[in-house]
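User: Please take a close look at one part of this structure, the second largest pocket, and then relate that part to the interior of the protein.

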Amino acid sequence: MTIASMTGFAREAGFSAPYRWCWEIKTVNSKGLDLRLRLPPGFDALEKPARAAISAALARGTCYANLAATRETPAVTARVNRELLVHLMDSLADLPRPGPIGPLTLDGLLAVRGVVETVEMEEDEAERDKALAEIVGGLDATLRQLGAMRNDEGAALAKVLNQRLDRIAELVAAADACPARQPAAVREKLRAALAQIAEAGRFDDARLHQEAVLLAAKADIREELDRLVSHVAAARKLLAEGGAVGRRLDFLAQEFGRETNTLCAKSNDAALTAIGLELKVEVEQLREQAQNIE
């Protein structure tokens, strides 16, 4: 399975007699699937199948799906009330007219309220059902187009994430090999600290030994390094599996951050601190990219 981004846009238009329609779908980042569907008046019957199709196609992200539809053939027609028109003509035929009033005209009679009526055309149910089915088919095509765009962007994101993981692995190896972590360097620091304390006067040898052991244990970053190596392997496995792994990648990125912060806190050497700070930058960039994954 491929990695998909949560951002994308797709547009599909078509004609399904008697409607000309257009679907537009835009998706952006979100913690879950947030579907916002907008349909024109008279198309409420499409809400259930549209939501089902979108939910099946998308696992995560805020989705704005809009349908625009216009009727190509008129929905209303004009009808002449012949009975009323004949009645008016008969009633006015023998009516005396003063000089300024001209003879009766057809356009004048048609302007009388009720002579010309507008009526809604009866819609063919079979034709409408067919049109709605084709419009839902148009939604499926739009979702395929959207999925292709999200997959393309996801492939680019996966490449960037793997590069970040490679760099994190390099920095973890550099921290592990840092000269400040070598036993000889640790002993030398402890020896120098002991010499300073000895110059200050008398001290408890047993207590000093205990504090030295605690200091050495506190400065040991072996556990953090092992966890970072494990997290790198887990993240690479998720990227290789593909699918909707965004949540798990985001969680792993948070774990990367915790271990890196602890490493920096334990560091008592400038070189190791510099590596830790660079790790923090890489981890933050990893998390930013992971939050775009579905």
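Analyst: The second largest pocket has a volume of about 210 Å³ in what is a predicted model. Its lining consists of 13 residues. Those that lie nearest the centre of the pocket are Ala4, Ala57, Gly147, Asn151 and Glu294. Helix H4 supplies the largest share of this lining, namely five residues. By class, the lining of the pocket is mixed, with six nonpolar, four polar and three charged residues.

The enclosed space in the model may be considered next. One cavity of 30 Å³ or more is counted. The largest cavity holds about 50 Å³ of space. Around this cavity stand Leu161, Leu165, Ala235, Leu239, Leu249, Leu252, Ala253, Phe256, Leu286 and Ala290. Two or more of the lining residues come from each of H4, H7, H8 and H9. H8 provides the largest share here, with four residues. The lining of the largest cavity has 10 nonpolar residues, and no polar or charged ones. Helix H4 thus appears in the lining of the cavity and in that of the second largest pocket.

The nonpolar interior completes this part of the picture. The largest nonpolar core contains 29 residues, and those with the most contacts inside it are Leu165, Ile168, Leu249, Phe256, Leu279 and Ile293. Two or more core residues come from each of helix H4 (125-176), helix H7 (222-241), helix H8 (246-266) and helix H9 (270-290). The greatest contribution is that of H4, with eight residues. Phe256 touches Leu165, Ile168, Leu228, His231, Val232, Ala235, Val283 and Leu286, if residues up to four places away in sequence are not counted. Apart from this core lies another, of 24 residues, including Tyr19, Leu37, Cys63 and Ala65.

Two cysteines illustrate how burial is assigned. Cys63 counts as buried because its relative accessibility is 0%, under the cut-off of 20%. Cys22 also counts as buried, because its relative accessibility of 13% is under that cut-off of 20%. The count of disulfides in the model is zero.

Finally, these parts belong to a protein with nine helices and six strands. Of its 294 residues, 32% are buried. Among contacts with a separation of 6 or more, 79% are between residues 24 or more positions apart.

Conventions: Residues numbered from 1 in each chain as written. Predicted model: local features only at pLDDT ≥ 70, side-chain atom pairs only at ≥ 80, totals over all residues. Heavy atoms only, no water. Core = buried A, V, L, I, M, F, W, Y, C linked by side-chain atoms within 4.5 Å. Buried < 20%, exposed > 50% of the residue type's maximum accessible area, 1.4 Å probe, protein only. Contact = heavy atoms within 4.5 Å. Disulfide = S-S within 2.5 Å. 1 Å grid on protein atoms, 1.4 Å probe; cavity = no way out; pocket = protein on both sides within 12 Å on 5 of 7 lines; lining within 4 Å. Points joined across faces, edges and corners; volume = space filled by probe spheres on them. Nonpolar A, V, L, I, M, F, W, Y, C, P; charged D, E, K, R; others polar.
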